[in-house]
Amino acid sequence: MKHPIQQKIENLRDTLHKHNYEYYVLDNATISDYDFDMLLKELQALEEAHPEFADENSPTQKVGGAVTKNFETVVHKNRMYSLDNSYSKEDLLDWEKRISKIIEGEITYTCELKYDGASINLTYENGVLVKAVTRGDGVQGDDVTANVKTIKSLPLKLQGDFVDNFEIRGEIILPLDGFNQMNLAREEAGEEIYKNPRNTASGSLKLQNSAEVAKRPLDCLLYQVLTYNNEFTSHAQALEKARTVGFKVPETIKVVSSIDEVVAFVEYWDKARFDLPYETDGIVIKVNNIRQQEELGYTAKSPRWAIAYKFKAEQVSTQLLQITYQVGRTGAITPVANLEPVQLAGTTVKRASLHNADQIALHDIRIGDEVYVEKGGEIIPKIVGVDLTQRPADSLPTLYATHCPECNTPLVRKEGDAKHYCPNEYGCKPQVSGRIQHFISRKAMDVDGLGGETVDLLCDVGLIENYADLYALTYDTILNVEKAYDSEVSGLVYQNKLQITIENAIFGLGYANVSKRLASLLASKIEAIQDLLHTEYTLEPKDAEVLGKFKRIFKHRYEIVLKQNLSEFVALKGYVSLSDFLILKFNGKEKGANLFDTSFDELLNASKQIKYVDELKSIAVFEDKYEKFNETISKIANRRVVGIRETGAKNIIAGIKASKQIPFEKVLYALGIRFVGETVAKKLANAFKNLDALFAADFDTLIAVDEIGDRIAESIIAFKNEPLNQVLIARLKEYGLQFSLSEEVLQNQTDTLSGKTFVVSGVFHKVSRNELKKLIEDNSGKVSSSISKKTDYIIAGDNMGPAKLQKATDLGITIISEDDFLEMV
Ligand SMILES: NC(=O)c1ccc[n+]([C@@H]2O[C@H](COP(=O)([O-])OP(=O)(O)OC[C@H]3O[C@@H](n4cnc5c(N)ncnc54)[C@H](O)[C@@H]3O)[C@@H](O)[C@H]2O)c1
Ligand SMILES: [Zn+2]
C-alpha cells in the first residue's frame with residue numbers, strides 16, 4: 001500500500017500534468033486558471049510538508065509547456081521561467097519580506113500588465129531578428145521564426161542604436177478586435193468559433209503554414225531585455241530604450257517604490273483593464289534593479305525577483321432565456337444556458353455551461369432568472385448564482401430534460417454519476433458519428449485523409465452509420481458528396497405545410513443538395529421516389545450531375561435498407577432514419593398511389609421508431625416558432641457546403657484501405673469498447689494474441705490478466721454479446737482488418753521477465769524510455785511508475801532523482817543500468 005499522502009500527491013501531479021498538456025499543447029483548457037492554480041498550491045503545500053515524496057518532474061518544479069514535433073527544437077541560451085502567483089496584498093507583502101532578507105538597499109519595483117498570450121524569446125544579432133523560439137518546457141522550445149516574422153508590429157531590423165547582440169522576450173497576443181473579427185467570419189461561415197484570444201494566439205504560432213499565420217492579426221508586446229555586457233542598470237531603462245528602436249513596449253509600465261503603490265496600480269487596472277484593446281489576466285511586479293535581480297536569482301520554476309498578481313474573474317448578471325441540452329460523443333448530456341447576450345471581459349457571452357442536473361438544482365437556476373455569469377479564467381463562462389430579488393413571481397423550478405434532444409430516447413443516470421446519458425448508443429447521431437470518429441483517430445486506425453467533419457457528412461447523407469460501413473465506401477460513391485450546413489435546418493423544407501410530397505422528399509433527403517427547382521422538375525415525372533432510379537430526364541449538364549449524385553447515394557442506401565424488412569431493421573439498429581423509413585414504408589406500393597403524400601403527423605405516428613430526428617427537428621421549429629423557422633430558412637442562402645472532391649475522395653479511400661494494416665492492438669482500441677483505452681488494449685492484445693481468444697475468455701479469465709479489473713471485464717463481455725457488434729466484427733474481418741498479433745510481434749515476445757516488476761527512472765542513451773518500457777512488456781515484465789515493495793528492479797539512467805534513489809536503497813531494491821537490462825533481454 002502506498003502512503004495516502006503519497007497517493008494524493010501523485011494523483012495531483014497526474015491531474016496537473018493532464019491540465020498542462022491540455023492548456024499548452026492542445027490549447028484547450030478544461031478547467032479555469034484559478035482552479036488550476038489552487039490545485040498547484042495544494043500540491044506545493046503537500047510537497048513542502050513531505051519532502052520525502054519530492055520529484056524533480058513534479059508540475060511544481062517545471063514550466064508546464066512542452067516542445068512539439070512540428071518544429072525544430074532549440075535549447076534556450078537563457079532558461080525561460082514561469083511566474084509565482086499572488087492573489088492579495090498580503091501575498092505581495094510576504095514576497096517583499098522574503099526578498100528583503102536577500103538583497104540590501106532600496107528596492108524599486110516595476111509594475112506591468114500581464115499580457116495574456118504565448119511567450120516568445122527573440123534573438124537579435126547585429127540589429128536583425130534571427131530567431132524566435134517558444135518557451136516550450138523552459139529549457140527548450142519550438143523554433144517558430146517564420147511565423148513570428150509575419151507579425152507586422154515586430155521590427156525585423158532595428159532602427160537606431162541598441163545593443164549589438166541580445167535576446168528580448170515578449171508575449172504574442174491577439175488583440176480583442178482582431179479576435180472578434182476572426183470569430184465573426186467563422187460564425188458566418190458556420191464554423192466553430194475560437195474559444196479565447198490566448199488559445200488562438202498560441203495556436204496560431206504553431207501553424208505549419210506561415211501564410212496562414214500572416215492572415216491573423218497577431219501582435220507582440222515586449223517585457224524583458226537580456227544582454228551580455230551589463231548595458232543596462234534597470235529593467236525599466238532597458239525596456240524604454242527598446243521602445244525607441246521600434247519594439248512595442250506598452251506605455252502602461254510604471255516604476256514605484258512601495259507595495260502600497262503596487263496595490264494602487266493593481267486596483268486601477270482591475271477596473272481599467274476592460275478598456276484595453278487586449279486581454280490581461282493580472283499584473284507583473286518586478287524588482288527594477290538588474291544587479292538586485294541577479295542577486296535574487298531563481299527557484300526551480302520562477303524568478304525570485306518577480307511575482308504575478310492575478311485578477312479575480314469578472315462577474316456580470318444577465319437573463320437566462322432558455323436551457324438547451326447538448327449530447328456528447330459518449331452520450332453524456334450537458335445542459336447549456338442560453339443567455340441574453342452580455343459583455344464579459346471583452347467578449348460577448350451568449351451561452352454558459354450549467355454542467356449537470358445537480359448544479360442546476362444546487363443553485364435552483366430557473367428560466368427567466370437574472371443569473372451571475374463568471375469567466376473562470378478563459379474557458380467557457382459558467383453560472384455561479386442567481387439574483388433571487390429579481391425572480392419573476394410565476395417562475396417554476398427547472399425540470400431537467402427527460403429525453404435525448406437528438407434522438408428522443410429517455411435519458412438515464414447511473415448511481416454516482418453526475419451526468420445524464422442517452423443510452424441509445426447505436427442510434428443517436430452524435431454517438432454514432434463519435435464512435436466512427438474515434439475509430440479513425442490517430443491512435444486508433446489512423447485513417448489519413450478522413451476527418452471529423454467528413455465523417456459527419458458521410459453520416460448525414462446516409463453513406464455510413466457504423467465503422468464497418470467505411471470499408472464499403474468506394475471512390476464513386478463518395479465523389480462529390482456534399483451537404484449544406486446551417487445552424488438550424490438540416491435539410492427538410494416543407495412547403496406544403498405538413499405534407500411530404502415526392503418533391504419535398506427529394507429536396508429534403510439532403511442527398512447531393514438538390515435545389516427546390518430541380519426537385520420539383522424531377523418530381524413532375526414520377527410517382528414514387530425510387531422511380532428516379534430508372535426515369536430518363538433531359539437536363540442541363542449541371543442538373544444532370546446533381547441527379548447522378550443523388551441516384552448514386554440513394555441507390556446505395558436503398559439497397560442496404562431493402563435487405564431487411566422494417567421490424568428486423570429496427571430490431572437490429574434500434575432506430576430508423578427518416579430517409580430509411582420513407583424507403584421502407586413506400587417500397588412495393590402500387591405505382592399510381594401518391595407515395596409521399598403523407599402528413600408529417602401521420603408519418604410520426606406511423607413510426608414511433610423514427611428516432612433519427614435530425615431531419616424532423618426543423619418541423620418542430622416550424623410548428624412552434626414559425627417566425628424563427630422563416631428566419632432560419634432565409635439563412636439557407638448562406639449555407640456552408642461541405643463536400644468531397646477528387647483528391648479528397650482518393651485520399652479517403654486510400655486511407656481506409658491502408659488502415660487494414662493497422663496492428664491488432666490498435667484495432668482493439670479503435671472498436672471503442674468502454675474502458676478499453678490504448679494501454680488496456682495493448683495489455684489485452686499481448687495477453688490473448690487475437691480477438692477470438694479475447695472474446696472466448698470468460699469473466700474470470702479476463703480479470704486474471706494483470707491490471708484488468710471487474711469493470712473492464714464486464715464491459716468486454718457486454719460488447720461481445722451485443723448482436724450489432726457481432727455483425728460489425730464479422731464484417732470487419734471480412735474486409736481484412738488485423739484481428740491478431742502479427743508473426744513478427746509474436747516472435748519478439750518472450751517470457752524472460754515474467755513476474756518481474758520494473759521502474760524506469762532518469763535519462764537513457766541507447767534506447768528511449770518508451771523503448772525500454774516496450775522491451776519490458778514484450779518480454780512479459782511489468783512496468784510500474786513508482787517504487788514500492790513490489791518493485792524488483794529499477795533501471796536507472798542519468799539524473800535519477802535523489803528521493804527515488806534513497807527509497808530504492810531503503811527498500812533494498814536492485815538498481816541496474818541500461819546495459820544491465822539490455823543484457824537481461
Ligand atoms: N486552466 C488550465 O488547465 C491551466 C493549465 C496550465 C496552466 N494554466 C495557467 O497558466 C498559468 C501558468 O502559466 P505560466 O507558467 O505560463 O505562467 P504565467 O502565465 O502565470 O506567467 C508566466 C508568463 O507570463 C507571461 N507574461 C505576460 N506578461 C508579462 C510581463 N509583463 N512580464 C513577464 N512575463 C509576462 C510570460 O509569457 C511568462 O512566461 C497558471 O497560473 C495557470 O493559471 C492553466
Ligand atoms: Zn440520443
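The exercises below, each with a worked solution, concern a predicted model of a protein with a ligand.

**Exercise 1. Overall make-up**

Task: Determine how many helices and strands the protein has, and what share of its residues count as buried.

Solution. Begin with the secondary structure: 34 helices and 26 strands are found in the protein. Turn next to burial: 34% of the 825 residues count as buried. Finally, consider the contacts between residues at least 6 apart in sequence: 69% of these join residues at least 24 apart.

**Exercise 2. The shell around ligand 1**

Task: Establish which domains give residues to the shell around ligand 1, and which element supplies the largest share of that shell.

Solution. The shell holds 25 residues, and the closest are His-19, Tyr-23, Asp-33, Ser-82 and Ser-119. Two or more residues each are given by helix 1 (4–25), helix 2 (33–49) and strand 3 (109–115). The largest share, four residues, belongs to helix 1. By residue class, the shell comprises ten nonpolar, eight polar and seven charged residues. As to domains, both domain 1 (4–53) and domain 2 (73–310) contribute to the shell, and therefore ligand 1 lies between them.

**Exercise 3. Two annotated positions**

Task: For Arg-135, decide whether the residue is buried or exposed; for Lys-310, identify the strand in which the residue lies.

Solution. An unreviewed UniProt entry carries a "binding site" annotation whose positions include Arg-135 and Lys-310. Arg-135 belongs to the loop that runs between strand 5 (128–134) and strand 6 (140–142). Within 10 Å of Arg-135 there are 25 other C-beta atoms; the threshold for a buried residue is 20 or more. Arg-135 is therefore buried. Beyond four places in sequence, Arg-135 touches Val-63, Gly-65, Met-80, Ser-119 and Gly-141.

Lys-310 is part of strand 11, which spans residues 306–310. Lys-310 is partly exposed because 18 C-beta neighbours lie inside 10 Å. With neighbours within four places in sequence set aside, the contacts of Lys-310 are Asn-85, Tyr-87, Asp-281 and Gly-282.

**Exercise 4. The surroundings of Met-800**

Task: Locate Met-800 among the secondary-structure elements, and state which residues are in contact with Met-800 when neighbours within four places in sequence are left aside.

Solution. Met-800 sits in the loop that links strand 25 (793–796) to helix 33 (802–811). Since 19 other C-beta atoms lie within 10 Å, Met-800 is partly exposed. The contacts sought are Ser-761, Gly-762 and Leu-805. In addition, the C-alpha atoms of Met-800 and Val-763 are 7.6 Å apart, although the two residues are 37 residues apart in sequence.

Definitions and conventions
Residues numbered from 1 in each chain as written. Chains lettered and ligands numbered in written order. Predicted model: local features only at pLDDT ≥ 70, side-chain atom pairs only at ≥ 80, totals over all residues. Buried ≥ 20, exposed ≤ 12 C-beta atoms within 10 Å, placed from the backbone. Contact = placed C-beta atoms within 7 Å. UniProt positions renumbered as here; feature names shortened; annotations may be inferred. Near = placed C-beta within 6 Å. Nonpolar A, V, L, I, M, F, W, Y, C, P; charged D, E, K, R; others polar. Domains from an automatic or database assignment.
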